[in-house]
Amino acid sequence: MKISARGLNRSTLARQLLLRRENVGAADAVRRVVALQAQQPASPYLALWNRIAGFDPSELDEAFAHGTVVKTTLMRITLHAVHADDYQAFRTALHPVLRAGRLGDRFTVSGLTPADADTLVPELLAFADRPRTNAEYEAWLEQRVGTAPKSGAWWGLRHYTPLLHAPTAPPWSFGERPSYVAPPDPPAPPTPEVSDAALGTLALRYLAGFGPASAADVAQFAMVQRARVRRVLTALGDELVRVEGPDREELFDVPGAPRPDEDTPAPPRLMAMWDSTLLAYADRSRVIPPDYRPVVIRRNGDVLPTLLVDGHVAGVWRPAEGGIEATAFHGLPDEVWEGLAAEARSLTSFLAAREPRVYSRYAHWWSRLPAGERRVLPGA
């Protein structure tokens, strides 16, 4: 079984609900697309606006409030929104990554050790029986260890400890000052065997939402060592199908997952900052032309809101007076601009009740964009 580069693109779009908006609830959509990047509070909402027909943002508000969807540090040691049913397996799979990534030098310079962290975590989870602020946790930590720990102690603990972000403020459920709370059933520190079994679950979920994909892609998505991923994929055996990629590389997939014809039309979209489709692969050319990658993924990690045209990044967008300012990095046909204009009208209406100038703090990047065609697409 072989698949072309364009076929891979269409498979991603189908599984990420980007070939057409689906009639599905917010929580179910989050589970279908595996995870939504959530560093910027608005982004999960805009991601679902792109994917759900008639998306009502109050649905996601309620999912966060009721714990059906949770926001926490997971893949690539960054914030994601995931379905509660996936949280345990994902967190268990990533335990070694979070331990290595957050209990290293920046943590130990505080005077605490990884062994201290393991001792503190159960007590910290007990203290996190209700939402508490950074200041409250830092005061607790100072009282617990008998002195004011140096910078890095709470930074490491808040990522290593399985804590959830508690909804704090409108317009997007989470504000600039986070609060943290323990999950209803915190996962215990796993053995390597248990963690690898959970990584197998994560790999299957990833392939269902982003496949076909390589071992390197799975490793990139989770920020897990490739050798560990290859071991897990081998153990999954007949639960996976093998697909030959465009350059004869071995790709993996789950049986029965959609792989649309490569000529399937892909509508234009105005994608959220940090949309997962831009970050889920080692080879990001599936969605981002290589020349545009350093433009839309900045060196500091910011991933700009993009124009998706025929399934590939073609430019960026931001709110502007009267609508949406779109910058295309190459020429676009009139019919594509018309499609983007329809999306802009819908997005402007969607943002009006919450944050009309969303992402405005990132406006400084627009002075550094390459030459392109800029249009202000009028709002509704």
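Select I297 to begin, and you will find this residue in the loop between α14 (293-296) and β10 (306-309), where helices (H or I, at least four residues) and strands (E, at least two) are DSSP runs numbered from the N terminus. The model is predicted, so local features need pLDDT of at least 70 and side-chain atom pairs count only at pLDDT 80 or more, whereas totals for chains, interfaces and linings use all residues. Residues are numbered from 1 along each chain as its sequence is written, and side-chain values use heavy atoms, with hydrogens and water left out.

I297 counts as buried because its relative accessibility is 15%; buried means under 20% relative accessible area, exposed over 50% and partly exposed in between, with a 1.4 Å probe and protein chains only. Show the neighbours of I297 next: not counting residues up to four places away in sequence, I297 touches L278, L279, R284, I288, D302 and V303, a contact being heavy atoms within 4.5 Å.

Now select helix α1 (residues 5-15), which is mostly covered, with 9 of its 11 residues buried. The buried residues of α1 pack against α2 (26-32), α11 (192-210), β8 (250-253), β10 and β11 (312-320). Just after α1, L17 takes a positive phi of about 60°.

Move on to the aromatic rings. Rings of Phe, Tyr and Trp (its six-membered ring) pair if their centres lie within 6.5 Å, and planes under 30 degrees apart count as stacked, over 60 as edge-to-face and the rest as tilted. The count by this rule comes to 19 aromatic pairs. Select F127 and W140, which form a stacked pair at 5.7 Å centre to centre with 20° between the planes. This pair links distant parts of the chain, with F127 in helix α8 (residues 114-127) and W140 in helix α9 (residues 134-145), 13 residues apart. Then select W274 and Y362, an edge-to-face pair at 5.8 Å centre to centre with 80° between the planes. W274 lies in the loop between β9 (269-270) and α14, and Y362 in the loop between α15 (334-352) and β13 (373-378), so the pair ties together parts that are 88 residues apart in sequence. W274 is buried, with a relative accessible area of 7%, and Y362 counts as buried at 9% relative accessibility.

For a larger selection, take Y45, W49, F55, F64, W172, F174 and F350, which form one aromatic cluster. Add R21, which lies over the face of W49 at 4.8 Å from the ring centre; a charge sits over a ring if NZ of Lys or CZ of Arg is within 6 Å of the ring centre and within 35 degrees of the ring normal.

W274 also appears in the lining of the largest cavity, together with L36, Q37, S43, P44, A47, A272, M273, D275 and S276. On a 1 Å grid over the protein atoms alone, a cavity is a set of points where a 1.4 Å probe fits but cannot get out, a pocket is an open set with protein on both sides within 12 Å along at least five of seven lines, and lining residues have an atom within 4 Å of a point. The largest cavity has a volume of about 40 Å³, a volume being the space filled by probe spheres set on the points, with grid points joined across faces, edges and corners.

Finish at the largest pocket, with a volume of about 640 Å³. Of the 30 residues that line the largest pocket, select Q39, Q40, T78, L79 and H165, the closest to its centre.
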